[in-house]
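Reader: Got a minute? I want to go through this one with you before I set anything up.
Author: Sure, put it on screen.

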Amino acid sequence: MEHRAPATNLGTLAVQLVLAAMLLSPALAADGEAGGMPSAAVERPRIGLVLGGGGAKGAAHIGVLEVLDELRVPVDCVVGTSMGALVGATFAAGMPPAEISQRIRAIDWSATVGNSGRRDRTPISRKLRSNTYTNNLEFGLRGGSLVIAGGVIVTQDIEELLRSLVAGARYIDDFDALPIPFRAVATDMAAGELVVLGKGDLTVAMRASMAVPGAFAPVIIGDQVLADGGQLRNLPVDIAREVCADVVIAVALQPPPPQPGSLGSALALANRSLEVMVAANTAAQLATLGKDDVAIIVPMGDIGAGSFARVPEAIPLGHEAALKQAPALLRYALPPEDYAGWRARVTRSYTDPFKVAGVKVSGTRRVNPAYVEAQIRATRVGDDVSANQIAGDTTRIFSLGDFERVEYRIDDEPEFPTVDFHVVEKSWGPDFLRFDLGLGATSSGDASLALRGEHRRSWINPLGGEWHSTLQIGTSNQFETSFYQPLEVRQRVFVEPRLRVERLRENIYDDGNRVAEYSFTEAFGQLDLGINFGRRAQLRAGLRKSWPTAERENGDRSLPHIGTREESDLVVQGIYDTRDTAGLPTRGALLVGRLISSRDWLGGEGSYDMAEALMMKVLPLGADSVQLIGSGGLRLDGELPLYRYFRLGGLYSFPGLDRQQLRGTGYWMASTRYHHKLADIQALFGQALYGGLRLTAGRMHNRVDAISEGMIYGLAGELSGNTPIGSFRLSLGTTNHGSWLLQFGLGRPLEESTILDAAF
């Protein structure tokens, strides 16, 4: 268990010494039956522990449990709401307070609640398709209407946490049969009624009690739609009396009242209305406490319901508040030998590995169960496995992206235990929609817009065929449709035919001056054969038949006007991606290589070869990071048409230069960016504000404006961040040629027609 600060330890010791002296005084001993320590010969009252809700604040309950353990106060039943249900069920399942504290302090809440690290577990094919989407909102299409998941927070890792905390106690169907009888309180959103959960899967009861409406999807049990119990009974004192309690110890978490000035927005008022409702039903339950009951009110300061990063700070607050009630609690303390016996009877350990006799997958409807089974690596028949190893397999299965949740159960056959991985497919599928928005502007007057939507139809056949279609309108208009078809169950080898039409409006520059505007249009059909290497790499090669044009819309009439041509190309591309996020990564690497060979076979008019490559490495430095970026392109053979020229310039590829300001037949670029975290926006979800500095050097060869100015150096100061509405970047850049440019981007990164588009 993590050590507390010395001042807290000394305070605890001082209180205990004083109380011990009081208990040993003759006056108190003579009045033992009236409220002192009960003797073994006197039947003690049954004690019910009530733990209220409060999100991250609920970690304070652990400090209360520690004090009860220190003072030798037994508990005969536990009733909890929301986070109180999580802590209470873990305690009731047999885990001692010291171990609960250790386990809760060790949790990475950014991964458990904020889903940090999920991208690295995503199959490479889906990772690449969602690279540039700045939000995680996924809609379903059913009966002509849009539907969405029941909660904005993915709860798989939360449910895995619950399973790990109570472990084998999940298989005790009657909560009265737990080491300490337990009840969780939830709200039936359909009936508008209080629901007391005392049977079934313990983790389901915990999850239902803490399902905050809108944040977490509700739990469906029969006709009941169960959500957070705090709406009707945040401190269920009355339920504890019904279960067992002669005496109630009730723990309520008390936030400070808000300042009137903080309630000016609609969102703040909506949140406050829920707080008022919860506070009112909490106060009503506290009012029912009698002289023999104990109320422990924990002032939480500025720790909020979502402050999971501050869980270690909340635990001592509960400890301190419980110590203040030590005189009242000591009325129910047991002698050391009696308490040791009680503690031994209720303590359980469910961590022992067991030998697996069978493995099965259940719950699939569209998804091929053999594909799911292929993700199971640790849970093997004949091997000894632990709960953590099984949890690793459920995480891999969930990361496939097809399921609302994945859980496991052990069939009730002690000599031949079978692990059943039960999956629940996304109820809003199999037709999925995603939407995105990108905005950009520069001080030179260039404004850009992208509105994008994607439709995906999953599991069209048993091998996992998917149909994808995207439509984008704005500065770049695009439509693409493709059919991704794996060729075997594990989906390592695939083919993908696709059709694409794209129309871009781009400027042509002469020595930094805008001299013309072009419309580049291309329609093509392509057939790719590819290989997925685990979750991080993909290699594909394809034959492409295209019809490109380059039309001069206005400007210098000496520039070429290229009508529709016909090309036949071989396109090879490889990618390796370990970044934690695509927009503003804080760690990981990205490698991209691309080769295009255009020849006259199949009626093609092109005769050239070109290659382009990108390397990005992100090095974390505490809360800060350093990005190292290098890219380059080269004409290998033949003459490149204007629409195939390499581009350089823009907010992402070269700050200080306008988008596609440099255009030629070869280039290289190297850049170093330092990001310093200025403030957290929502730390739990990795949303923060960064200040940065970027140094860039590059050169474009055989430029379209026939200027050879050698090396170009750039310096840019940046303000960037991941926010609830997407990533943004504001840059003020300059070059060694004296140009200054202010650039801004919000949401979906706008294409700059370079290989760096894959990085942002």
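Reader: Which residue in β4 is the bridge partner of L141?
Author: L146 is the bridge partner of L141. Keep in mind that this is a predicted model.

Reader: How many bridges join β3 to β4, and do the strands run parallel or antiparallel?
Author: There are 4 bridges between β3, residues 139-142, and β4, residues 145-148. The two strands run antiparallel.

Reader: And the hairpin of β3 and β4, how many residues sit between the strands?
Author: The hairpin has 2 residues between its strands. G143 takes a positive phi there, near 60°.

Reader: What about β3 and β16, how many bridges?
Author: 2 bridges join β3 to β16, again in an antiparallel arrangement. On the β16 side, F432 is the bridge partner of G140.

Reader: Which peptide bond is cis?
Author: The bond from G429 to P430 is cis, with omega near 5°. P430 is in the loop between β15 (418-425) and β16 (431-442).

Reader: Which phi values are positive in residues other than glycine?
Author: A167 is one of them, with phi of about 45°. D511 also has a positive phi, near 55°. Most residues other than glycine have a negative phi.

Reader: Where are A167 and D511?
Author: A167 is in the loop between α8 and β5 (182-188). D511 is in the loop between β20 (493-510) and β21 (513-533).

Reader: Is A167 buried or exposed?
Author: A167 counts as buried, because its relative accessibility is 14% and the cut-off is under 20%. D511 is partly exposed, with a relative accessible area of 46%.

Reader: Switching topic. How many disulfides does the count come to?
Author: The count comes to 1 disulfide. The bond joins C77 to C244, with S to S at 2.1 Å.

Reader: What is the torsion about the S-S bond of C77 and C244?
Author: The torsion is about -80°, so the disulfide is left-handed.

Reader: Where do C77 and C244 lie?
Author: C77 is in strand β2, residues 77-81. C244 is in the loop between α11 (237-243) and β9 (247-254). The pair therefore ties together parts that are 167 residues apart in sequence.

Reader: Are C77 and C244 buried or exposed?
Author: Both C77 and C244 are buried.

Reader: On to packing. How many residues has the largest nonpolar core?
Author: The largest nonpolar core has 80 residues. Those with the most contacts inside it are L49, W109, F182, L202 and I296. Helix α4, residues 83-92, gives the most to this core, with 7 residues.

Reader: How big is the other core?
Author: Another core, lying apart from that one, has 34 residues. Among them are V592, I596, M616 and M669.

Reader: Back to F182. What does F182 touch?
Author: Leaving out residues up to four places away in sequence, F182 touches V78, G80, A85, G88, A89, A92, F175, L197, G198 and L202.

Reader: Is T90 buried or exposed?
Author: T90 is in helix α4. T90 counts as buried, at 1% relative accessibility. Beyond its neighbours within four places in sequence, T90 is in contact with M95, I100, L165, V166 and M206.

Reader: I100 is in α5, right? Which residues of α5 are buried?
Author: Yes, I100 is in α5, residues 97-105. The buried residues there are P97, I100, S101, I104 and R105. Seen down the axis of α5, they fall within an arc of 120°, so they line one face of the helix.

Reader: What do the buried residues of α5 pack against?
Author: They pack against α3 (60-70), α4, α6 (109-112), α8 (156-166), α13 (311-324) and α15 (336-346).

Reader: Last bit, the whole chain. How many helices and strands?
Author: The chain comes to 17 helices and 32 strands. Its C-alpha trace spans about 110 × 55 × 45 Å along the principal axes.

Reader: What share of the chain is buried, and what area does the chain expose?
Author: Buried residues make up 52% of the 760 residues. The chain exposes about 31900 Å². Carbon and sulfur atoms supply 59% of that area.

Reader: And contacts between residues 24 or more positions apart, what share do they make up?
Author: They account for 66% of the contacts in the chain with a separation of 6 or more.

Key: Residues are numbered from 1 along each chain as its sequence is written. This is a predicted model: local features need pLDDT of at least 70, side-chain atom pairs count only at pLDDT 80 or more; totals for chains, interfaces and linings use all residues. Side-chain values use heavy atoms; hydrogens and water are left out. A nonpolar core is a set of buried Ala, Val, Leu, Ile, Met, Phe, Trp, Tyr and Cys residues joined through side-chain atoms within 4.5 Å. Buried means under 20% relative accessible area, exposed over 50%, partly exposed in between (1.4 Å probe, protein chains only). Contact means heavy atoms within 4.5 Å. The arc is that of the directions from the helix axis to the C-beta atoms. Two strands pair if DSSP finds at least two bridges between them. A disulfide is a pair of cysteine sulfur atoms within 2.5 Å. Accessible areas come from the Shrake-Rupley method with a 1.4 Å probe; for residues, only the protein chains shown count as cover.
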